[in-house]
Amino acid sequence: MSVAVLEYRKVGMEPSQHLRAVPDSPPTVSRHAPDPASAQRLDDLLVASGRGSAQAFEGVYTTMLNQVYRLALRVVRDPGMAEDIAQEALVEAWRKAPTFEPSRGSAKSWVLTIAHRRAVDRVRREQRQRQQMEAEAAVAEREATPAEQDAVVERDFAEFQNARVRTAVATLSDKQREAVELAFYQGQTHVEVSEQLGIPLGTAKTRIRDALTKLRDALEEV
C-alpha cells in the first residue's frame with residue numbers, strides 16, 4: 001500500500017497519534033479459538049474510543065485492521081479497493097464509536113458490520129457505473145445511420161409544412177375554403193367548382209384566386 005499511515009486529520013486525532021495502514025503483504029487471520037478476554041478488551045477499547053480516547057481507538061484499529069481488510073477483500077475481490085474500504089470503515093468506526101453499545105453486540109461484530117456494509121455499497125456502486133457505461137455504449141451502437149437521420153429530418157420538415165398549411169387554411173372564409181378544397185384537394189376545374197357550388201364561373205374563379213392570395217400571405221407570415 002502506498003500510504004503508510006492514516007492521517008490524524010481523517011479521524012480527529014492529535015497530530016502525534018497516527019494509525020497504521022494496511023500492510024503491503026496480505027494480512028493473516030488467527031486460526032485460534034476466540035479469546036473472551038481479548039473480546040472484552042476490544043469492547044472496552046471501543047467504549048473508550050467513544051469517549052474520545054485516540055489511544056484506545058489505535059488499539060481497536062490495530063486489532064481489527066487485518067480482519068476488516070480480509071472481509072472487504074472477500075466481497076470486492078480487489079486488493080486495492082479492499083484497502084480503501086478498510087480505511088474508510090475504520091474511520092467510520094472511530095466517528096461512530098460513541099454510538100457503540102456492548103449490550104447489543106461485540107465490538108468486533110460492530111466494526112465488521114460497518115466494513116461489510118461499505119464493501120457491499122462499493123460493489124453496488126461499481127455495478128451501477130458499469131451498467132450505465134454498457135447502456136450508453138448500447139445506445140451509441142443503436143444510433144441512426146445518416147440515411148435514417150435524413151429520413152427523420154424530412155419527416156419532421158413535412159410535418160412542419162403541413163402544420164403551416166393548416167394554419168394558413170384556417171384563415172380562409174368558409175366559402176373560400178370550400179372552393180380551394182374542391183379545386184386542389186379534389187382536382188376539379190373552375191367550371192366543375194362553379195357547377196358543384198351552384199355559383200357563376202366568374203365567382204368561382206374569384207373565390208379561388210382570393211383564397212390562394214390569402215394562403216400565400218398567411219404562409220409568408222407563419
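Guide: A residue counts as buried when its relative accessible area is under 20%, as exposed when it is over 50%, and as partly exposed in between. Please keep in mind that what stands above is a predicted model.

Visitor: Why is glutamate 92 called buried?

Guide: Glutamate 92 has a relative accessible area of 11%, and because the limit for buried is under 20%, glutamate 92 falls on the buried side. Of the 222 residues in the protein chain, 31% are counted as buried.

Visitor: What makes glutamate 92 and lysine 96 a salt bridge?

Guide: The separation from N to O in this pair is 2.7 Å, and since a salt bridge asks for a side-chain nitrogen of Lys or Arg within 4 Å of a carboxyl oxygen of Asp or Glu, the pair qualifies. In general, side chains of opposite charge can pair when their charged atoms come close. Glutamate 92 and lysine 96 are 4 residues apart in helix α4, so about one helical turn lies between them.

Visitor: How do you know whether lysine 96 is buried, exposed or partly exposed?

Guide: Its relative accessible area is 36%, which is neither under 20% nor over 50%, and therefore lysine 96 is partly exposed.

Visitor: What links arginine 118 with glutamate 88?

Guide: Their closest N and O atoms are 3.3 Å apart, and because that lies within 4 Å, this pair is a salt bridge too. Arginine 118 sits in helix α5 (residues 107-141) and glutamate 88 in helix α4 (residues 79-96), with their positions 30 residues apart, so the pair links distant parts of the chain. Arginine 118 has a relative accessible area of 30%, and glutamate 88 also comes to 30%, so both count as partly exposed.

Visitor: Why is aspartate 174 called exposed?

Guide: Aspartate 174 reaches 60% relative accessibility, and because exposed means over 50%, the name applies. Its salt-bridge partner is arginine 177, with closest N and O atoms 3.0 Å apart, and at 22% relative accessibility arginine 177 counts as partly exposed. Both residues lie in helix α7 (residues 174-185), 3 residues apart, which is about one turn of the helix.

Visitor: How many salt bridges does the structure hold, and which residues do shared partners join into one network?

Guide: The structure holds 6 salt bridges, and the network made through shared partners contains Glu88, Glu92, Lys96, Arg117, Arg118 and Arg122.

Visitor: What makes the pair of phenylalanine 57 and tryptophan 94 tilted, when other pairs may be called stacked or edge-to-face?

Guide: The ring centres are 5.0 Å apart, and the planes meet at 55 degrees. Rings pair when their centres lie within 6.5 Å, and the angle is neither under 30 degrees, for stacked, nor over 60, for edge-to-face, so this pair is tilted. Phenylalanine 57 belongs to helix α3 (residues 54-76) and tryptophan 94 to helix α4, 37 residues apart, and both residues are buried. The whole structure has 2 aromatic pairs.

Visitor: Is isoleucine 114 buried or exposed, and how do you know?

Guide: Isoleucine 114, in helix α5, has a relative accessible area of 4%, and because this is under 20%, the residue counts as buried. Apart from neighbours within four places in sequence, isoleucine 114 is in contact with Ala89, Glu92 and Ala93. The C-alpha atoms of isoleucine 114 and alanine 93 are 7.2 Å apart, although these residues are separated by 21 residues along the chain.

Note on methods
Residues numbered from 1 in each chain as written. Predicted model: local features only at pLDDT ≥ 70, side-chain atom pairs only at ≥ 80, totals over all residues. Heavy atoms only, no water. Buried < 20%, exposed > 50% of the residue type's maximum accessible area, 1.4 Å probe, protein only. Helix = DSSP H or I, 4+ residues; strand = E, 2+ residues; numbered from the N terminus. Phe/Tyr/Trp six-rings, centres within 6.5 Å; stacked < 30°, edge-to-face > 60°. Contact = heavy atoms within 4.5 Å.
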